[in-house]
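This briefing introduces the salt bridges of one protein model to a reader who has not met it before. Please view the sequence and structure below before turning to the notes.

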Amino acid sequence: MILYLHSNVSRADREDLLGLLARRGARVVEATDPPGRVLALVGEEGASDPAEWERHPAVERVLLPATPYHLVHRDFHPERPGVRAGELLFGGEKVPVIAGPCSVEVEIDLVALARFLRDAGASALRGGAYKMRTSPYTFQGLGEEGLARLAEARQATGLPVVTEVADPRDLDRVCRIADVVQVGARSAQNISLLKEVGRAGKPVLLKRGMMSTLGEYLLAAEHVVAAGNDRVILCERGIRTFEGATRNTLDLSAVPVLQRESWLPVIVDPSHGTGHRRWVAPMALAAVAAGADGLMIEVHPDPDAALSDGDQSLLPETFHELMDRLRRVASAVGREM
């Protein structure tokens with residue numbers, strides 16, 4: 001159940017409502033945008049009679065969501081306000097592009113690469129310091145050294161940093177560096193991690209699990225928001241199917257479906273979605289045409305020597321060319337890059 005408060009609600013009426021909810025054992029999550037206007041009751045007990053709450057002087061209207069994900073449902077914020085990470089807005093007219101290498105590597109001059117990406121039009125820098133790899137014998141990331149290199153690149157370029165956390169024990173040190181904390185596909189149903197990320201309060205880029213339905217995916221986002229963090233960015237990165245020509249099957253239909261179902265911004269990762277640099281550009285263009293609220297693209301100065309995901313990483317000059325094409329597509333659908 002979601003309670004919408006009157007815009008001019010008095011302090012006394014608001015505190016009376018909160019006290020009543022507390023006595024009923026209701027769990028309350030307050031929306032931050034607009035502040036104080038919306039109260040969402042999650043897993044409430046004894047608070048299921050809408051008529052009773054509509055009679056309260058603080059309440060403007062009551063909504064009973066038709067889905068199990070109350071807080072991320074479109075009805076919660078019909079206007080889709082977007083999610084801010086500092087000055088960066090996901091869900092506005094501009095389509096941000098997060099770019100950088102899959103992994104932070106010793107051999108990469110990350111500052112030089114970040115400067116190139118910024119000048120080409122990237123809005124944020126991505127790079128994995130902690131890597132979840134399928135094989136235990138492949139590169140697992142530089143850890144704290146990788147975080148330090150990301151911090152150095154941000155200092156030199158001003159680009160916000162997006163990096164992944166996989167282990168709750170690493171969350172504090174990742175949050176000290178990251179402007180946006182990424183939860184990867186393999187962690188999309190790690191409920192303990194989702195709750196910890198929600199409590200941390202940093203903007204979260206939540207990737208779709210490789211075998212998650214859209215309903216399961218939105219429930220993963222619900223865990224983050226219910227823990228107290230409504231700054232969640234959804235990321236479609238492909239799902240596992242029987243098709244072997246691409247690494248994953250990039251589900252671009254997820255973009256309009258999620259935007260219809262949820263108020264959260266939806267970005268697309270065509271690098272993981274295809275697994276081959278040849279297909280990254282056409283799918284990135286298609287994602288913008290489909291209405292994506294952002295892109296996440298892997299770029300490496302020497303993809304053939306990359307320690308992870310080199311096959312799907314673009315060369316810097318290829319990324320520059322792609323940005324020019326993306327601007328034309330964005331303009332055609334009423335957006336900008």
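**Salt bridges in the predicted model**

In this predicted model, Arg-80 and Asp-293 form a salt bridge, with their closest N and O atoms 3.0 Å apart. Arg-80 lies in the loop between strand 4 (59–63) and strand 5 (83–85), and Asp-293 in the loop between helix 10 (277–289) and strand 14 (295–298), so the pair ties together parts that are 213 residues apart in sequence. The structure holds 18 salt bridges, including the three pairs described here.

**Arg-80 and Asp-293**
- Both residues of this pair, Arg-80 and Asp-293, are buried.

**Arg-154 and Asp-179**
- A salt bridge joins the side chains of Arg-154 and Asp-179, at 2.9 Å from N to O.
- This pair links distant parts of the chain, 25 residues apart: Arg-154 is in helix 4 (residues 144–157), and Asp-179 is in the loop between helix 5 (171–177) and strand 10 (180–183).
- Arg-154 is partly exposed, with a relative accessible area of 24%.
- Asp-179 is also partly exposed, and its relative accessible area is 25%.

**Arg-247 and Asp-309**
- Arg-247 forms a salt bridge with Asp-309, and the closest N and O atoms are 3.1 Å apart.
- Arg-247 belongs to the loop between strand 12 (232–236) and helix 8 (254–261), and Asp-309 to the loop between strand 14 and helix 11 (316–332), so this pair ties together parts that are 62 residues apart in sequence.
- Arg-247 counts as partly exposed at 39% relative accessibility, whereas Asp-309 is buried, with a relative accessible area of 19%.

**A shared network**
- Arg-80, Asp-293 and Arg-335 are joined into one network by salt bridges that share partners.

Notes: Residues numbered from 1 in each chain as written. Predicted model: local features only at pLDDT ≥ 70, side-chain atom pairs only at ≥ 80, totals over all residues. Heavy atoms only, no water. Salt bridge = Lys/Arg side-chain N within 4 Å of Asp/Glu carboxyl O. Helix = DSSP H or I, 4+ residues; strand = E, 2+ residues; numbered from the N terminus. Buried < 20%, exposed > 50% of the residue type's maximum accessible area, 1.4 Å probe, protein only.
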